[in-house]
Amino acid sequence: MAIRQLSETLINQIAAGEVIERPASAAKELIENALDAGATRIEIATAGGGKALLRVSDNGSGMDATDLELAVRRHCTSKISETLEDIRTLGFRGEALPSIGSVARLSIASRRRDSTGGHEIAVAGGKIAHMRPAAANPGTIVEVRDLFFATPARLKFLKTEKAEAGAITEIVKRMAIAFPAVRFVLSGSDRTTLEFPATGDDHLARMAQVLGKEFRDNAIALDAEREEISLTGFAGVPTFNRGNSAHQYAFVNGRPVQDKQILSAIRGAYAETIPSGRYPVAVLSITLDPALVDVNVHPAKSDVRFRDPGLVRGLIVGAIREALTRDGSRAATTGASDMLRSFRPGFQPNSQRPQTAWSAETSPSRPYQPTSGFGERPQASFDGLSMPTARAEPQFSPQPAVPEPTARYPLGAARAQIHANYIVAQTEDGLVIVDQHAAHERLVFEAMRKALHSKRLVSQVLLIPEIVDIPEEDCDRLMQHAAELSVLGLAIERFGPGAIAVRETPAMLGEVDAHGLIRQLADEIAEWDTASGLSAKLEYVAATMACHGSVRSGRRLRPEEMNALLREMEVTPGSGQCNHGRPTYIELKLSDIERLFGRS
């Protein structure tokens, strides 16, 4: 069969299959062009999920007749010259507009700011119409109709109009987060209008517009640099998580990307702090020399390749973990809201009462006195029952009670233990409810994690070794890693073909369920199924061991033990959630309590 040259139209249609996969792809390319043109206002309109209509209007620099004619031809661009080593714009390939024009009906009207008139050009199925003058405001309006009419087979692979409209919405959200100084408006007959007013240099305000106002209250600032690669952004506290990874945004030199390596680094940074099946909320912005990253991996430009991927991963993991250590122990503000919604008061207060914030001075029915706990006279009679200790001792050793003002401590002073599992503590302006097992589990894990980097954990020799019967293959796996387990204070020996003898356990765990611990460790090692898997996952093993040795639910604690637990939580990184990512405490402000009783 003879080789022949393909027509320009067919070449464009083939290229369009890579560049324009769906309406959201076209929207992304057109918005990127508007941003590269310096637009400060971008309006996007859609119909039929973008298949029937996609219109992008901007107030950017615009184009004259010469530029407009070149813009619809392949490989014509003003953004690069002769090299791909210094790409500083979102677009650079010169393929988006001709690709769209080859599979849809495309029209572009544009006018430069210094020009008295504009011009319009149209492309339908790859055929370019003649240029003509047009009345236009400064900027550019790109209108795409009947997407994929020239390649009907592609239409069969598109999703429903609602799904395609949702994909466009996600593209606009990512662009809005990356460019807070630009006003975005998304409207159309297939959606409700979505508007993101410009916030200037206030990136967190723009993130709150996109991710919800709760993100502002639960975000931790990131600012790190390593070898001329900088990382900024915000990471949510671990207890502020979502059911999928759609709320994780990454940007490289201002370019929104969906890079697997970056998402993997985020997962690694939140290891042992997020429940299984839940995902953290994070917005990361990486800035580096354009020569150190390849954005030309795929025509869609959503994947990137770093010259030193290990350095980037280490920067992300280190920065997020440092931030969580510094400020991640607080519980998410959504916890109190969920708690309030769970109450079902028998009497519904007057819905006409003024919806104002609670304050000590304006509360109509409560003489609040910050220096005396809750401030009500009957509460004072409880103060003499059990004064809390102010000292935090390892493993909560009982200490003489030392009267101290509760206002000094973020988690307050223990007042009660209910259902032998929950500690109720009084703070200066509210109360805290602590899950004793979850909290102690986290404290033990952090102590084991710290010890891993210093020396072998102190162990306790069992008077009578525990014999655990498990399958022979599990015995083999455990014994392969006996030395690594010994670092954690767990000494094991083979006891026949299908049994393990546990001779020592970590001293900090106290009484341990050896049978349950060994069986779970065997299951986890079998899942990793590599000879070096355990050495790379010692922290996961430490988390498993901490769970088996923590203060159990149902154990009654003395006031001294409860307060020592609170004090140690206050100085332990990540104490706001257990090893499985569940919250260890919930804080309820007096303003919340008063709303429950209709007193504010």
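**A tour of rings and a sheet**

Begin by selecting Arg567 and Tyr409, where the charged end of Arg567 sits over the ring of Tyr409, 4.0 Å from its centre. Keep in mind throughout the tour that this is a predicted model.

Arg567 falls within the next thing to select, helix H18, which covers residues 559-570 and packs on a sheet, where the helix touches S19, strand S20 (422-427), S21 and S25. Show that sheet next: it is open and built from 4 strands in the order S19-S20-S21-S25, with antiparallel pairing. At its edges lie strand S19 (413-418) and strand S25 (585-589), each of which pairs on one side only, and the twist from one strand to the next averages 20 degrees. Seen against S19, the direction of helix H18 makes an angle of about 120 degrees.

Now colour strand S21, residues 430-435, together with S25, since these two are paired in the antiparallel sense over 5 bridges; a place to look is Val434, which stands opposite Tyr585 in S25.

Move on to Arg105 and Phe149, where Arg105 lies over the face of Phe149, at 3.9 Å from the ring centre.

The last stop is an aromatic pair, and a search of the whole structure finds 1 of these. Select Phe215 and Phe240, whose ring centres are 6.4 Å apart and whose planes meet at 45 degrees, so the pair is tilted. The pair links distant parts of the chain, with Phe215 in helix H8 (residues 213-217) and Phe240 in the loop between strand S11 (229-236) and strand S12 (241-242), 25 residues apart. Are these rings buried or exposed? Phe215 is buried, with a relative accessible area of 0%, and Phe240 is buried with a value of 2%.

Note on methods. Residues numbered from 1 in each chain as written. Predicted model: local features only at pLDDT ≥ 70, side-chain atom pairs only at ≥ 80, totals over all residues. Heavy atoms only, no water. Phe/Tyr/Trp six-rings, centres within 6.5 Å; stacked < 30°, edge-to-face > 60°. Buried < 20%, exposed > 50% of the residue type's maximum accessible area, 1.4 Å probe, protein only. Lys NZ or Arg CZ within 6 Å of the ring centre and 35° of its normal. Pairing = 2+ DSSP bridges. Axes fitted to C-alpha atoms, helices over the stretch in contact; angles between N-to-C directions. Contact = heavy atoms within 4.5 Å.
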